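Here is a short report on one chain. It moves from the overall fold to the sheet, then to two prolines.

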Amino acid sequence: MAREFDYDIDMLLDQAFENLVAKNEPALYEMGVFDDNLQTRNPMCEEFEINPFHGMYILTNNRKDEGASVLFYPGMDTRIGELLGSNYFALPGSLHEFIIVPDNGLHDAQQLRQVVKEDNATIIPPNEVLSDRVLYFDREKNKLCEPKGRERDGDERGDR
């Protein structure tokens with residue numbers, strides 16, 4: 001329909017994404033401090049600071065609803081690495097958030113993947129499961145990917 005009315009499809013997609021981000025501002029919380037009374041904590045703001053020694057963080061949007069996509073906002077993965085000062089794991093908590101775990105040597109990708117699988121099978125409602133796959137951000141490569149040396153365990157939804 002866009003072509004039929006001679007609209008620039010790239011411009012439409014860019015505008016749609018800008019609107020999405022404007023209405024769904026990123027929010028990053030320390031795990032255990034996910035409180036509705038807290039003001040939105042946008043990690044893209046220059047003055048944003050976190051306690052890099054805190055164990056885990058929740059990345060979502062200001063509505064705390066279908067916020068897992070925030071991890072894929074332009075520059076978000078890099079910004080989280082800057083704030084943490086380290087590489088990190090990103091665990092899909094549900095469609096609503098990613099759990100950010102700094103790579104401080106205390107966690108193993110396989111162990112984290114097992115935790116996600118168990119939570120998805122027992123705690124997360126099936127219609128809110130995002131994935132069983134753990135992601136990893138490598139600051140040196142500035143890349144979000146699956147952890148090295150780990151094979152995917154088949155189709156994560158097929159295991160249910």
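## Pairing across the sheet

This is a predicted model. Begin inside the sheet: L59 has F98 of strand 4 as its bridge partner. The two strands involved are strand 2, residues 57–61, and strand 4, residues 97–102. Their pairing is antiparallel and spans three bridges.

Strands of a sheet pair through backbone hydrogen bonds, in either a parallel or an antiparallel sense.

## The chain as a whole

The chain holds three helices and six strands. Read from the N terminus, the elements follow the pattern α-β-β-α-β-β-α-β-β.

Of the 160 residues, 38% count as buried. The accessible surface of the chain is about 9,800 Å². Carbon and sulfur atoms account for 49% of that surface. Among contacts between residues at least 6 apart in sequence, 61% join residues at least 24 apart.

## Sheet order and helix 2

The six strands form an open sheet with antiparallel pairing. Their order is 1-2-4-3-5-6. Strand 1 (26–30) and strand 6 (143–145) are the edge strands, and each pairs on one side only. On average, neighbouring strands are turned by 25° against each other, direction ignored.

Which strands does helix 2 lie across? Helix 2, residues 76–84, lies across strand 1, strand 2, strand 3 (88–94), strand 4, strand 5 (135–138) and strand 6. The helix runs at about 120° to strand 3.

## P26, in an edge strand

P26 sits in strand 1, one of the edge strands. Is P26 buried or exposed? Its relative accessibility is 5%, so P26 counts as buried; the cut-off is under 20%.

P26 and K64 are 38 residues apart along the chain. Their C-alpha atoms are separated by 9.3 Å.

## P43, in a loop

P43 lies in the loop between strand 1 and strand 2. P43 has a relative accessible area of 0%, and is therefore buried.

What does P43 touch, leaving out residues up to four places away in sequence? The contacts are P26, A27, L28, F48, L59, M76, R79 and L83. One of these, P26, is the buried proline of strand 1. Another, L59, is the bridge partner of F98. M76 and P43 are 33 residues apart in sequence, yet their C-alpha atoms are 8.1 Å apart in space.

Notes: Residues are numbered from 1 along each chain as its sequence is written. This is a predicted model: local features need pLDDT of at least 70, side-chain atom pairs count only at pLDDT 80 or more; totals for chains, interfaces and linings use all residues. Side-chain values use heavy atoms; hydrogens and water are left out. Two strands pair if DSSP finds at least two bridges between them. Helices (H or I, at least four residues) and strands (E, at least two) are DSSP runs, numbered from the N terminus. Axes are lines fitted to C-alpha atoms, for helices over the stretch in contact, and angles run from 0 to 180 degrees between N-to-C directions. Contact means heavy atoms within 4.5 Å. Buried means under 20% relative accessible area, exposed over 50%, partly exposed in between (1.4 Å probe, protein chains only). Accessible areas come from the Shrake-Rupley method with a 1.4 Å probe; for residues, only the protein chains shown count as cover.
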